[in-house]
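Please work through the exercises below with the sequence and the model side by side, trying each task before reading its solution.

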Amino acid sequence: DKKVTVRTVQKLKGVEPVTMITAYDALFAGIFDGEVEMILVGDSLNMSFFAEPDTLSATMDQMIYHTKAVCKGARLPLIVFDMPFGSYTTPEQALENAVRVYQETCAEAVKIEGGREKAHIVKKLTENGIAVIAHIGLKPQSVRAEGGYRVQGRSEEEAMELMEDALALQEAGAFALLLEGMTSDVARRITEAVEIPTIGIGAGNGTDGQVLVWSDMFGFFEAFKPKFVKRYLEGAELIRQGLRQYREEVKSRAFPDDEHSY
Ligand code: KIV
Ligand code: NA
């Protein structure tokens with residue numbers, strides 16, 4: 001298998017859908033290595049692995065630590081660093097933080113949430129040699145300001161706004177768009193309108209690729225399951241089964257047997 005680069009991903013548009021999954025550590029990144037084109041070190045780890053109610057308290061230091069771990073586990077996929085809340089409020093601050101990402105980790109792109117109001121930041125980063133994915137639609141880092149999570153693009157007015165965002169971010173130099181939580185119709189229209197690949201989550205089947213949070217798709221995160229998450233495994237249940245068998249065997253002294261003893 002070959003190393004996936006920003007160019008590889010761009011060339012897949014119109015050829016075949018791109019697969020992306022999150023990873024937060026070397027162990028799972030190693031399992032995902034070679035199986036998907038892209039790995040996102042998502043700030044969703046703040047919720048799924050740190051049990052915070054939202055992503056807002058994730059820090060640059062935490063994201064860098066997890067990205068370093070993912071870099072040790074995965075060799076082939078394009079690794080994307082999710083810029084945490086508050087790390088890209090001005091072009092200068094965004095550049096300083098993104099430079100840190102390139103200097104301290106193997107990530108080859110950063111992702112920032114925001115529409116055309118963030119285009120100047122995307123421009124600053126891309127002008128300085130940093131590859132950017134712009135994340136529009138439902139933006140989890142805006143959950144407190146928006147008063148919750150809401151599917152975007154249901155009205156024609158909202159659909160047009162999302163389209164303007166997409167075009168402005170492409171113009172600013174984003175190499176791909178992440179479309180979250182919007183109607184399939186809007187996501188399809190945006191995908192047709194831009195030349196860069198679109199990666200969807202909760203955005204239907206018309207995008208150039210899909211991303212899911214690994215602990216959601218494999219059933220490890222059980223607190224809630226949004227409609228767009230498909231469970232490909234019942235991970236937590238599998239672990240509990242194994243754990244119960246272990247417990248029974250320890251209690252009954254069936255484990256360790258001769259085979260597992262010196
Ligand atoms: O943090 C994350 O995992 C994300 C995906 C949901 C796109 O941003
Ligand atoms: Na995120």
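Two exercises follow, each with a worked solution.

This is a predicted model, in which local features need pLDDT of at least 70 and side-chain atom pairs count only at pLDDT 80 or more, while totals for chains, interfaces and linings use all residues. Residues are numbered from 1 along each chain as its sequence is written, and chains are lettered from A and ligands numbered from 1 in the order in which they are written.

**Exercise 1.** Determine whether Glu180 is buried or exposed, and find which residues it contacts.

Solution. Begin with the record: UniProt, in an unreviewed entry, places the feature "active site" at Glu180, although such annotations may be inferred rather than shown by experiment. Glu180 is found in strand E6, residues 176-180 (strands are DSSP runs of at least two residues, numbered from the N terminus). Next, count neighbours: Glu180 is buried because 22 other C-beta atoms lie within 10 Å, and the term buried requires 20 or more, with exposed meaning 12 or fewer and C-beta atoms placed from the backbone. Finally, leaving aside neighbours within four places in sequence, Glu180 is in contact (C-beta atoms within 7 Å) with His135, Gly137, Leu138, Ile201, Gly202 and Ala203.

**Exercise 2.** Describe how strand E5 is enclosed and paired.

Solution. Six of the six residues of E5, residues 132-137, are buried, so the strand is largely enclosed by the rest of the structure. Val132, Ala134 and Ile136 point one way, and Ile133, His135 and Gly137 the other. E5 pairs in the parallel sense with E4, residues 109-113, over four bridges (pairing needs at least two DSSP bridges), and Glu113 stands opposite His135. Five bridges join E5 to E6, again running parallel, with Ile136 opposite Leu179.

Technical notes
Two residues are in contact if their C-beta atoms, placed from the backbone, lie within 7 Å.
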